[in-house]
Amino acid sequence: MQDFKVIFYIRKARAKETNKAPICLRLYLNKDRDHGTCTGFTVNPKDWDTKHNRVCSKAAGARSLNQKLELLNAEYMEIFRRYEFDERLSIDFIKEKYQQRLISSKNIPSVLTFMGQYLEEVKTKVGKKIVKATYTRYALCARLFHQYLKEKRRRSDINFSEIDHSVILGFEKYLRDDLGQDHNNTLMKKMRVLKTMLSEAQAQGWLETDPYKGYKIRYEPTDRGFLTDRELQTLMDLELTIPRLEKVRDFFIFSCFTGIAYTDMVNLTEDNIVELDGRLWIMTKRQKTNVPSNVLLLEIPLRIIEKYRGVCKDGHLFPLPTNQRVNSYLKELADLARIKKNLTFHIARHTFATMAISKNVPMESVSRMLGHRSLKTTMIYARITDKKVEQDMLSLAKKVSHFTSNI
């Protein structure tokens, strides 16, 4: 004989600000019980009858609210009775059957169905408003969330009414402990992607409350790699006999002197070269942010443009291989130049920013050249290099040279 019951309770801790506590239900099957699910209803804690687990009969709206709770109880009991002798019977099985019934009756998508629809919408924006890598991040997050449901909650899907703070914390713990993603910023990026998708669900009315309320996405400061002047010169002085390495070295150096990211370099054409007051500029918009990025062409990047002019037959400036291949070739170049750093193409952009700031180019100018939306982003590059410290100390020495001492 199977023993099944539905118990309603309230979460008083959530009622501090509004005096409205969520009414939740917990399922018991034999000796098992679930973590509890919010019903979507709320009540003043003073109006809750803890003895009968219902709203006090004298409270305003008690009759209507208690009828809804009785209906919920009846629906779960009906599912239990239908599958009482089914070998698949479990709390998760009952919840899944209830979810299927709820979705079919109200035409509300399940969470994973919604994520699939959301990804299709994101996919249509690739190449227009976003890059493919953005879509890939969203698809990965949806896949990992699906894995989390299967492995930790033994569910093939979940209803929006079940998404609460515990689901968010559980997903973070799964990423950190089960998948070993202990690099904080990488983990937080996935948590932010999930938040974006759930915020859209809330905007569409599928999700009633924000499960991220009280959860803080915390990024830790990172030391972005860059090349010193000496390392950059060593790379430029390499005598290369392998064409593929020479090309990638040249394109990397171009980025070091312009700050232009890989994706934006791929899209550069002759039309992006503009002459103003007798000087040539690269004038473009960053694909990532759609913010203008205007850089005066110095002698070295100008020579690189001339070196590859006409190689591409479609008007593009440079015949860049894929980003993955470029980064692979950069590893070979780092070995040849004896640079003991994890050389990737994006380090060229970091090198440009660091070099410009250390040579006293104003932060506002660097921000505009990099195509940043905010000066705050540019300030990440305001690292203190040994060379900059040396320059500042020599400048200070001149200003304090009038002091004398008999020490």
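Modeller: Helices are DSSP runs of H or I with at least four residues, strands are runs of E with at least two, and both are numbered from the N terminus. This is a predicted model: local features need pLDDT of at least 70, side-chain atom pairs count only at pLDDT 80 or more, and totals for chains, interfaces and linings use all residues. Residues are numbered from 1 along each chain as its sequence is written, and side-chain values use heavy atoms, leaving out hydrogens and water.

Biologist: What is the phi of the glycine that follows H13?

Modeller: H13 covers residues 363–370. Glycine 371 follows. Its phi is positive, near 70 degrees.

Biologist: Within what arc do the buried residues of H13 fall?

Modeller: Val366, Ser367, Met369 and Leu370 are buried (under 20% relative accessible area, 1.4 Å probe, protein chains only). Take the directions from the helix axis to the C-beta atoms. The buried residues line one face, because seen down the axis they fall within an arc of 165 degrees.

Biologist: Are H4 and H6 roughly parallel or roughly perpendicular?

Modeller: The axes of H4 (residues 132–152) and H6 (residues 184–203) come within 9 Å. They are lines fitted to C-alpha atoms over the stretch in contact, with angles from 0 to 180 degrees between N-to-C directions. They cross at roughly 90 degrees. Angles of 65 to 115 degrees count as perpendicular, so H4 is to H6 roughly perpendicular.

Biologist: Which helix supplies the largest share of the largest nonpolar core?

Modeller: This core has 38 residues, all buried and joined through side-chain atoms within 4.5 Å. Phe252, Phe254, Met265 and Phe318 touch the most other members. The largest share, seven residues, comes from H8.

How values were computed:
Buried means under 20% relative accessible area, exposed over 50%, partly exposed in between (1.4 Å probe, protein chains only). Angles under 35 degrees count as roughly parallel, over 145 as roughly antiparallel, 65 to 115 as roughly perpendicular and the rest as oblique.
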